[in-house]
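Me: I am new to this structure and would like a close look at a single part of it, the largest pocket. Please set out the rest of the chain as far as it helps to place that part.

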Amino acid sequence: MTKLFHNCSDCNRREEEYTVLFRMRNYQEHTKGEMYSDTTDAWVNLSAHDTEADLIDTIVHESLHVAMKREDMSDDREHTIIKYINWASQDWLW
């Protein structure tokens with residue numbers, strides 16, 4: 001949960017529903033998951049995962065992509081932000 005320190009119309013949360021969908025594999029690309037910018041769906045490719053923890057990491061990763069797709073940023077920048085979020089959640093940042 002994010003604490004709002006002030007309340008203004010520019011900083012209000014934007015809420016949007018999305019769905020995480022599962023498929024055995026993506027025959028076009030060998031990836032763990034995808035998020036398509038023209039939809040509100042994240043896809044997770046089950047055959048690309050070895051463990052349940054790896055599967056959960058991909059679900060979180062693709063969900064973060066869905067959340068950040070509202071912003072105008074490159075895919076590299078999104079992955080950098082996701083990396084920092086993961087570090088912060090593991091208490092690797094001080």
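Reply: Of the 94 residues in the protein chain, 19% count as buried. The model is a predicted one. Its secondary structure consists of two helices and three strands, and along the sequence these follow the pattern β-β-β-α-α.

The strands come first in that pattern, and they are a useful place to start. The three of them form an open sheet in the order E1-E3-E2, with mixed pairing. Strand E1 (19-23) and E2 are the edge strands, each pairing on one side only. From one strand to the next, the twist averages 20°. E2 and E3 pair in the antiparallel sense, over three bridges. Met35 stands opposite Ala42, a residue of E3.

Now to the pocket itself. The largest pocket holds about 360 Å³ of space, and 18 residues line it. Which of these residues lie nearest its centre? They are Thr58, His61, Glu62, His65 and His79.

Three elements each supply at least two residues of the lining: strand E2 (33-35), helix H1 (52-68) and helix H2 (75-89). The contribution of H1 is the greatest, at seven residues. E2 thus has two roles in this account: E2 is an edge strand of the sheet, and E2 also supplies at least two residues of the pocket lining.

What is the make-up of the lining by class? Three of its residues are nonpolar, eight are polar and seven are charged.

One further detail concerns the stretch of chain that leads to H1. Thr51 is found in the loop between strand E3 (41-45) and H1. Is Thr51 buried, exposed or partly exposed? Its relative accessibility is 44%, and because residues between the 20% and 50% limits are classed as partly exposed, Thr51 falls in that group. A polar atom of the Thr51 side chain lies 3.1 Å from the backbone nitrogen of Asp54.

To put the parts together: the sheet has the order E1-E3-E2, the loop that holds Thr51 runs between E3 and H1, and H1 gives the most to the lining of the largest pocket. H2 and E2 each supply at least two residues of that lining as well.

Conventions. Residues are numbered from 1 along each chain as its sequence is written. This is a predicted model: local features need pLDDT of at least 70, side-chain atom pairs count only at pLDDT 80 or more; totals for chains, interfaces and linings use all residues. Side-chain values use heavy atoms; hydrogens and water are left out. On a 1 Å grid over the protein atoms alone, a cavity is a set of points where a 1.4 Å probe fits but cannot get out, and a pocket is an open set with protein on both sides within 12 Å along at least five of seven lines; lining residues have an atom within 4 Å of a point. Grid points are joined across faces, edges and corners, and a volume is the space filled by probe spheres set on the points. Helices (H or I, at least four residues) and strands (E, at least two) are DSSP runs, numbered from the N terminus. Ala, Val, Leu, Ile, Met, Phe, Trp, Tyr, Cys and Pro count as nonpolar, Asp, Glu, Lys and Arg as charged, and the others, Gly among them, as polar. Buried means under 20% relative accessible area, exposed over 50%, partly exposed in between (1.4 Å probe, protein chains only). A polar contact is a pair of N or O atoms within 3.5 Å; within protein, one must be able to donate a hydrogen and the other to accept it, and residues adjacent in sequence count only if both atoms are side-chain atoms. Two strands pair if DSSP finds at least two bridges between them. Axes are lines fitted to C-alpha atoms, for helices over the stretch in contact, and angles run from 0 to 180 degrees between N-to-C directions.
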